[in-house]
Each structure stands twice: as C-alpha cells, then as structure tokens.
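Please open the model in your viewer and keep a selection tool at hand, since each stop below asks you to pick out a few residues and look at their surroundings.

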Amino acid sequence: MPNVYTLAPNLPFVDALAAGLWARVGGDALALSRITVLLPTARAVRSLREAFLRLSGGRPILLPRMAPLGDVDSDEITLMLDGMKAGGLDLAPAIAPLRRQLLLSRAVLAAGDSFAKTKAQAARLGRELAKLLDQVQTEQLSFDQLRNLVPDDYAEHWQVTLSFLSIIIDQWPAILADLGVVDPGQERNNRLAAFARALELNPPPHPIIAAGSTGTIPASADLLATIARLPQGEVVLPGLDQDIDADTWAALDEAHPQFALKHLINRLGIAREEVQDWQVAASVRPACPPARIRLIAEAMRPAGTTEAWRDLPDIAPSALERLHRIDATTPQEEAGIIALILREALEVPEKTAALVTPDRNLARRVATELARWGIKVDDSAGRPLAQTPVGSFLRVIADLAVQGAPIPLLSLLKHPLAGGGMEAGDLRRLGRQLEKAVLRGPRPPGGLDGLRQALNGADRRRLGNPALKADLLTLVDRLEERMGDFINAVRDGEERPLTDWLHLHVGAAEAMAALEAEPGNERLWRDKDGEAAAAFIDELRDAATGYPSMGGRDYAGLMEVLISGRPVRPAFGLHPRLHILGLMEARLQQFDTVILAGLNEGTWPPAPAPDPWMSRPMRSRFGLPSPERQVGQAAHDFAHACGAHTLYLSRSERVDGTPTVPSRWLLRLDTVLGKAGLRGSIGHAVEHYRALYQALDRPAQVKPCPAPAPCPPLDARPRKLSVTQIETWMRDPYAIYARKILELEALEPIDADPGAAERGEILHKALENFIRRYPAQLPGNARSELLACGREAFGDLLDQPGVQAFWWPRFERVADWFLGVEAERRKTIRPLAIEVTGSIRLTPPGGDFILTAKADRIDRTPTGGVVLLDYKTGQPPTGKEVRLGKAPQLPLEALIAREGGFTEIGAAQVEGLEFWRLTGGDPAGIIQTLKDESHDLADEARDGLLALIEAFDDPAMPYRSQPRPSWAPRFTDYAHLSRIAEWSAGGGEEG
C-alpha cells in the first residue's frame with residue numbers, strides 16, 4: 001500500500017517533518033544524510049534546512065539531500081540516484097523565455113493586423129501565447145483537441161483565433177525541433193517523467209520522501225504516485241482534512257481548499273482513510289488550537305452542504321484565541337497597521353512574523369512603512385525590473401528618444417543614475433534650471449534643436465541670470481553628444497535590427513550614467529538590479545536573431561513590454577525575523593505571527609485573468625482547468641496559513657476611493673460565527689493599531705492656524721495696479737501681497753495643455769488681427785479671412801487632436817456669430833482701438849497711485865462717444881456684481897477713457913459698457929450690456945478705488961486672505977500659501 005502521510009495545518013510543517021526524520025534515524029547523522037527529501041519550492045528547502053539547524057541546537061550535522069520537486073535538474077537527480085547511468089536523463093533543454101516570446105510574437109505579426117498592429121502588442125500576445133502553451137503542456141493535453149472545438153459554435157473573433165492557433169501549433173513543434181529545445185512546461189514534464197521512470201526501474205536503496213506538494217501539476221502528481229509506491233518512498237501531504245464527513249468530502253468542488261488533495265490521493269490510488277498521520281515528535285507543539293482549524297474548515301464548507309450550518313455544533317472558545325480581524329479604512333492605513341504589528345514582533349526575542357498577501361502594491365506599502373524604523377523587508381515576489389533604478393533609467397532614455405517631451409527629459413535629468421559626465425548633482429541642478437526656463441508651460445518645439453530654439457527665445461524673466469542661457473545651451477550640447485546617436489536614429493525613422501537598437505540604447509544609457517570620475521558602465525551594472533538588467537539585455541541580444549527590423553518607436557514599445565514582469569530579488573541585507581511573502585512563497589513556512597492581508601474579493605481569491613486566446617467555454621471544452629481551480633489553490637493557501645500561532649485577517653474597506661467587498665472566506669467566517677452566536681467575537685485589533693499608526697505622524701503639539709494678516713511697511717506696498725488686479729485686491733488682498741510684494745509667481749504646469757486662459761488669448765489675438773486689417777469695411781470673404789486669422793493665432797496648437805476636434809469648431813461658430821453681429825453693428829458703430837493700453841494717476845492722501853488698463857476694444861458711436869468692450873470666453877460678471885463693485889474692470893476702464901488715459905483716443909464720453917461672451921456653444925456668443933449709466937459706474941468705481949487705496953495706506957491694514965468669503969475669487973494661485981484650508985470654515989478637509 002502506498003505510504004502516504006499528512007500533517008495538520010496547525011503543526012509547523014518543516015519542524016514536524018525534520019523532527020520525525022531525526023527520530024526515525026535515531027539521531028544517526030550518517031543515516032540522515034542518506035535520505036532524499038523533495039519539497040515544493042526552493043524556499044521550503046531552505047526552511048527545512050533551518051528546521052534541522054534548530055533541531056540540532058546549532059551544531060553542524062549532515063543533512064538529507066533536499067531539492068525542489070518541480071525544479072530538480074538532471075544533475076541533482078543523478079546525484080540522488082546512486083548507480084544511475086549518466087545518459088539516463090539526456091533531455092532536450094527548455095527554450096529561453098525571451099527567445100520563445102520573440103518567436104511567438106513574430107508569428108503573431110505574420111498573422112496580420114487582426115491580432116496586433118505594433119510589435120509591442122505582438123510581444124504581449126506572444127507572452128500570453130507562451131502561457132497557453134505552458135498550461136496545455138502542464139495539463140498534459142494535446143493541441144490536436146483544438147479540432148474538437150467547432151468554430152461555428154463561437155463568435156467570429158474566436159473563429160479567427162482558433163484558425164490562428166491551429167497554424168501556430170502546426171508550425172511550433174518544427175521550430176522547436178530545429179532549435180533542439182522544448183517548451184519549459186514540456187521540459188519539466190519530461191524531466192519529472194524521466195525521474196519517475198528511473199525510480200521505477202532502479203528503486204533507490206535509501207528513503208525518498210516527497211513532502212508538502214498538493215500535486216496540482218499532473219507530472220508532479222505522477223511522480224508523487226511513483227514515490228508513494230516505492231519500498232522506501234513516502235509522500236507527506238500538507239493539511240489533509242481527515243475529520244471532514246463523507247458527504248462533504250463527496251461534495252467538494254474545485255474552489256474548495258481540499259479539492260486538490262482529494263484529486264491527488266485519488267491519483268495515488270488510496271482512500272482518504274488510508275492516509276496516516278505523520279509521527280509527530282513530542283518536542284513539536286501545535287501552533288494554534290485544533291478548534292481554530294475546525295472553524296476555518298467549517299467556514300470553507302462546500303456550498304452544496306452549507307445547510308449543515310443550521311445545526312452547527314458548539315465552537316470551542318479556543319478557536320478564537322489569538323485570532324484577530326483588521327478592517328482598515330484605506331490600503332495606506334492597512335499597510336501602516338500591518339507594519340506596526342510586524343515591528344511589534346521584534347520586541348520579543350526570536351519571535352518571527354510574516355505578511356502573506358497576493359497584493360503586491362500592499363506588500364510594497366508595508367515595506368515602505370517599515371523603512372521608517374530602518375527595517376528592510378523586501379517582498380519575496382521581488383521588485384519588477386522596470387521599477388528598479390536601472391530599469392527605470394533604461395525606460396526613460398527610450399521614452400526621451402521617442403517622445404522628446406519635457407516629462408521624459410526631466411525624468412532623465414533628475415534620475416539618481418544620471419550623471420552626463422559631470423560632477424554628482426550638477427546635472428540635476430541644471431535640469432531644474434532648464435525646467436523653469438523653458439519646460440514649464442506649453443511644450444517647446446520637438447528634439448534637442450527645439451530646446452535650443454526655446455532657450456534662445458526665452459525671456460529674461462524666465463532665465464534670471466543671463467549667463468544661465470550659455471550653461472543650459474551647453475547642457476543641451478552635452479545631451480546630444482551622449483544620446484545623439486540614439487535620438488537621431490529614432491527621429492530618422494529608419495528600420496534597424498533589434499540588436500542595433502540595443503547597442504544604441506545601451507550606449508546612450510552608459511554615456512548618460514557616467515560621472516566625471518566614474519565610467520557609466522561601472523555605475524549602471526554593478527548593483528543587483530544592474531546585474532539583472534545586464535542579464536536581461538544579454539538574453540535579449542541572444543534571442544533577437546531573426547527578429548524583423550523595426551523603427552525606433554516600435555523598439556521603445558517592445559522594450560517596455562519585454563522588461564516588464566521580470567523580478568529582481570535582493571540577496572542580502574534583509575531582516576531575518578520579518579518576511580513579506582506571496583502565496584507561493586508562503587507555502588510550508590512557519591512564523592509566530594502571520595498576517596493574511598488584502599482579503600478583498602478580486603484580490604484574494606484573485607479575479608481570473610482574461611485570456612486573449614480562449615474563452616471560458618472553449619477552455620472547458622479543450623480540457624484546461626477552470627478559474628475555480630486557481631481559487632481552490634488560493635483557498636488551500638489561506639486555510640493552511642490560518643494554522644499560525646497568532647493570526648491577523650486584514651482588509652481595506654475602500655481602495656482608490658471605491659468600496660470593496662470582503663473576501664468570500666471572510667464572509668463565510670462571519671456567517672459561521674453568526675450561526676454559532678459568536679458574531680463580532682473575533683478580536684478586532686484595528687482601533688488599537690489605528691491609534692498607534694495615527695500617533696506616529698501626529699505632532700507633539702498642534703496650534704490653531706490663524707488666518708494670515710501680513711502688514712508690510714508702506715514703502716513696500718504697491719502704488720501701481722491694473723484694473724484686473726484692483727478686483728483681486730478687493731476680493732483677495734493676500735494674492736496682491738504675494739504677487740506684488742513677495743514677487744511670487746505660480747509656476748506653469750510642465751508640458752501644459754492649452755487651457756481656458758490660452759483659449760482666451762488665442763481668440764483675442766484672432767479678433768485683434770482681423771479688426772486691425774479691416775477697421776472700416778468688412779471684406780467680401782470675411783469668413784475666410786477671419787478663419788485665416790484664427791489659424792495664425794492657433795499656430796502649432798492646431799496640430800493637437802484635442803484642439804482640432806474641440807476648439808477649432810467652436811472658433812468657427814464664434815466667427816460666424818461675430819461676423820453677423822459685426823456686419824450689423826458697423827452700420828452705426830465703428831472700431832476705434834484694439835488692445836489699447838492706458839493709465840491715469842490718482843492722488844489719494846497717501847501719495848500718487850497709478851491705475852493701468854488694457855482694453856480689448858473701444859468703438860466710436862455716431863455721437864462721438866465710445867463703447868468699451870470686454871471679450872469673455874468664460875462667464876462674465878453680472879450687472880449686479882458690477883454695481884456692487886465686485887467686478888470694477890469695465891467701470892475703471894470707463895474712468896480711464898473719460899479722463900484721457902487711453903492716449904490713442906484722447907478723452908471721450910463713455911456711452912456704453914459691454915461684455916461679449918464668446919463660447920462657440922449654443923448660442924455661439926452673447927452681448928451683455930450694462931444698463932446703468934457709464935459715468936455713474938465710473939464715478940462709483942473711482943470713489944471705491946480711492947477708499948481702497950486709503951485703507952491700505954494705513955500701516956496697520958493687513959493683506960488678509962479672502963476677507964469676505966462671498967467675494968472670494970473663483971481661482972487663486974496663492975490659496976496653498978495662505979493655508980486657507982486650515983483656518984477657514986472647512987477645517988482643512990480636502991475637497
């Protein structure tokens with residue numbers, strides 16, 4: 001009868017296994033060294049090695065031969081099997097992953113645009129096709145079964161896909177045969193099958209034990225069956241539930257944690273009752289009470305038997321010992337609480353703790369939180385190469401060569417690896433100055449020549465020190481010297497082999513990484529991520545043979561796809577007692593405290609990934625496992641991890657502002673506890689740790705933040721303002737203080753898209769040019785002339801799709817409306833001045849004050865008076881706001897016009913004030929005429945302005961921030977400086 005054993009989930013697996021083996025050999029180290037142990041993963045092998053070290057009290061002993069079950073190679077098998085002929089495992093090697101991905105992506109490209117339009121898309125599909133090949137070979141299926149999938153049963157898309165798969169599968173074996181390799185899945189199957197055959201033909205004279213595997217890979221299951229039948233072979237299963245009743249056992253589905261084990265023991269040819277308990281040494285203590293394991297098993301009961309919950313037996317109080325639940329508000333809070341629990345474990349000597357989660361973002365957050373105490377615990381799943389310093393450096397260089405946009409350029413200049421052959425820090429300093437000089441605001445012309453053009457045209461206000469221009473131009477020359485070959489090759493548009501692009505890319509990266517005293521190749525490739533990147537490039541260079549030539553944009557997109565997903569795992573410097581593990585890495589591990597985190601539906605268990613090659617019914621008919629199989633494996637990982645000494649179950653109630661659904665296993669646990677009258681009895685640790693987490697960043701003393709009230713000396717206060725600044729002065733004096741006294745200007749966004757302000761400037765410019773050309777009579781082709789003026793005003797912006805699609809049609813509607821109004825208006829009223837500037841001097845008691853203005857347009861009436869026009873692309877002020885003095889712009893312009901401040905027209909009687917709202921909507925334009933007498937509004941504005949000036953001529957008058965909330969401006973650049981959110985009625989809350 002096969003020798004099959006099991007260890008309960010609440011027993012420390014590797015410690016129990018090591019103690020049992022040690023007891024079996026009676027402490028004979030030589031006998032122990034003759035035992036072979038196969039475990040699921042390399043991490044489990046290390047854990048068993050550490051368990052023997054604990055067992056021996058630190059004394060050196062001869063260990064058993066240990067190897068990972070799925071990764072054991074031919075040489076290791078040969079060493080394990082004494083006397084086996086060397087040629088017994090002469091197997092074809094597996095094809096390199098990158099080589100296979102590129103070969104498959106070539107096949108996708110050959111299929112035409114119906115599958116992929118770019119090489120990046122083809123590479124993604126090639127990766128998915130490789131996964132499909134692995135799945136099919138893992139399940140030991142044949143692609144001949146594709147013919148059983150009747151294309152007519154599926155939508156046209158799937159019919160095309162099936163036809164493509166048929167072609168690929170017909171050609172793929174021949175391609176592999178020519179290369180003398182096989183797929184990785186087939187190579188593993190061949191290796192395990194050869195190992196099984198060798199064991200059958202030449203049973204080893206020493207014990208061979210396969211422990212901890214659930215046999216979800218058929219080839220592994222076959223090997224386990226072979227080992228179980230050997231005279232000295234044994235199989236140790238992880239957590240087979242021997243207490244489950246027969247009806248429940250019969251009703252197990254694929255999503256149940258015991259389903260894989262049930263499938264395995266069926267394959268081993270034994271009944272569940274024949275599985276024996278592993279002999280546990282007296283020194284091995286259960287980590288948690290058996291009642292907790294029964295509680296978890298009850299919560300995981302198959303859906304078809306949940307009626308048993310109506311007569312649920314009593315749950316022992318010990319089931320809830322050291323079991324805690326955390327429902328955090330956000331993932332950041334969840335990460336902070338978990339970090340505190342892990343940090344707290346270090347206060348107890350020799351205590352170990354681990355976070356287990358499939359959520360890689362959460363894992364990175366926890367690692368970052370632990371860094372505040374100088375604790376380095378990296379995620380065992382590794383860090384994607386694309387997100388490491390070297391990986392991001394390679395990506396940003398490719399992005400800059402392709403896009404030439406400000407953000408990739410600044411990302412490169414500020415990257416910690418960037419040196420450009422200069423002293424450390426000099427490149428970043430010049431990069432910040434280049435950013436302020438030409439990279440903020442609308443995008444400068446493309447390429448390095450565009451940067452030179454922008455620098456030569458930059459005004460003195462942006463450059464500050466005139467000598468800075470020469471330094472920045474030298475910086476651009478340095479970039480061209482070190483990256484010019486790569487950038488120019490991309491801009492040329494010429495197609496080149498993949499190896500040529502790699503040579504140019506790596507050359508640019510090494511040149512840009514160099515410091516004045518250190519070569520770039522030494523800086524770039526020396527750390528762990530540099531080694532991984534160098535290995536990736538070497539593998540890609542070897543795999544590139546025969547890959548079709550491509551342009552620079554295609555190369556950058558392909559590189560982005562290929563570099564993603566490759567993990568980098570640090571080898572040293574990690575904390576020995578704290579761990580962050582994925583589900584695979586956590587199997588068979590044991591810790592004093594375990595936190596199972598990210599327990600939300602769609603994360604744990606994970607949502608099934610979309611398959612671009614087969615729909616779910618197609619996969620089922622083909623014989624591939626359903627997504628529930630993956631759920632069942634995740635459920636087994638969850639149930640087995642629940643056997644820890646101290647257990648925390650953690651989730652976030654909201655992710656990215658969206659409410660989440662608790663994991664189905666948490667909901668089932670709540671239901672079982674509710675049926676047992678124990679709802680809410682799990683220790684909720686969240687409030688205690690939430691308070692600790694919030695206290696970490698809480699200052700020792702919090703003083704109320706008063707509203708700012710700066711009182712600068714009189715000689716620093718402005719004596720010259722424009723009519724628009726007068727409105728700001730009334731509504732938000734602090735903005736005038738910041739702008740005119742502190743001389744602070746808001747930086748424009750980087751690579752800014754044209755906004756409302758730019759749209760207004762363009763419209764003003766277009767109408768100004770048109771009226772200047774035709775001040776008297778409209779031409780016969782007025783529409784085409786006005787549109788031509790519009791194109792001049794828009795300039796290069798018309799090349800942007802958004803401007804072409806939205807702004808230009810609106811301008812056309814404005815043009816039609818404007819010409820209609822203008823044709824009628826010019827019968828009596830003619831334009832007199834366009835974009836004209838003017839000023840007047842006021843003489844309040846505190847000294848002269850100059851008021852300036854720039855009028856959009858002034859028209860002459862038949863009576864010799866003037867009408868002042870103000871173009872608005874947004875909402876103009878209402879007549880009531882003008883009368884109340886909230887919007888004094890036009891009345892103050894009327895005052896300047898009446899007193900002759902606009903020198904081009906002289907003193908004039910103001911007969912009208914008009915706002916022209918030009919939106920291009922429906923209607924395209926509206927004329928809003930102020931009904932009050934213009935001279936009355938001007939007089940009131942003058943009196944109000946003099947009172948305002950006199951008030952601020954008092955040294956005690958502060959420049960408050962928005963003193964009257966009802967008068968607050970719609971937008972201000974200085975709200976964050978005045979800290980209005982902290983002292984206003986909003987109490988500092990966001991939004």
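The tour goes from core to helix contact and then to individual backbone features, and the coordinates it refers to are those of a predicted model.

**The largest core**

Begin by selecting F393 and I397, the residues with the most contacts inside the largest nonpolar core, which has 71 residues. Then colour helix 20, residues 468-492, which supplies the largest share of this core, namely 10 residues. With I397 kept at the centre of the view, and its neighbours within four places in sequence left aside, show L412, M483, F486, H505, A508, A509 and M512, with which I397 is in contact. Apart from this core lies another one, of 47 residues, and selecting A738, A908, A941 and F952 will bring up some of its members.

**Helix 15 against helix 16**

Next select helix 15 (residues 389-403) together with helix 16 (residues 406-413), whose axes come within 8 Å and cross at roughly 145 degrees. The crossing of helix 15 and helix 16 is left-handed. To see the contact itself, display F393, V396, I397, D399, L400 and Q403 on the helix 15 side, and P408, L409, S411 and L412 on the helix 16 side. Coloured by type, the residues of this contact divide into seven nonpolar, two polar and one charged.

**Two cis peptide bonds**

Move on to W604 and P605, which are joined by a cis peptide bond with omega of about 5 degrees; P605 is placed in the loop between strand 12 (593-596) and helix 26 (616-622). Then select D922 and P923, where the peptide bond from D922 to P923 is also cis, with omega near 5 degrees. P923 is found in the loop between strand 21 (910-918) and strand 22 (925-929).

**Two glutamates with positive phi**

Select E743, a residue other than glycine whose phi is nevertheless positive, near 55 degrees, and trace the loop that holds E743, between helix 31 (733-741) and helix 32 (756-773). Is E743 buried or exposed? With a relative accessible area of 63%, E743 is exposed.

For the last stop, select E835, where phi is again positive in a residue other than glycine, near 45 degrees. E835 has its place in strand 18, residues 830-842, and, with the surface switched on, note that E835 counts as buried, at 15% relative accessibility.

Key:
Residues are numbered from 1 along each chain as its sequence is written. This is a predicted model: local features need pLDDT of at least 70, side-chain atom pairs count only at pLDDT 80 or more; totals for chains, interfaces and linings use all residues. Side-chain values use heavy atoms; hydrogens and water are left out. A nonpolar core is a set of buried Ala, Val, Leu, Ile, Met, Phe, Trp, Tyr and Cys residues joined through side-chain atoms within 4.5 Å. Buried means under 20% relative accessible area, exposed over 50%, partly exposed in between (1.4 Å probe, protein chains only). Helices (H or I, at least four residues) and strands (E, at least two) are DSSP runs, numbered from the N terminus. Contact means heavy atoms within 4.5 Å. Axes are lines fitted to C-alpha atoms, for helices over the stretch in contact, and angles run from 0 to 180 degrees between N-to-C directions. A crossing is left-handed if the near helix is turned anticlockwise from the far one by less than a right angle, and right-handed if clockwise. Ala, Val, Leu, Ile, Met, Phe, Trp, Tyr, Cys and Pro count as nonpolar, Asp, Glu, Lys and Arg as charged, and the others, Gly among them, as polar.
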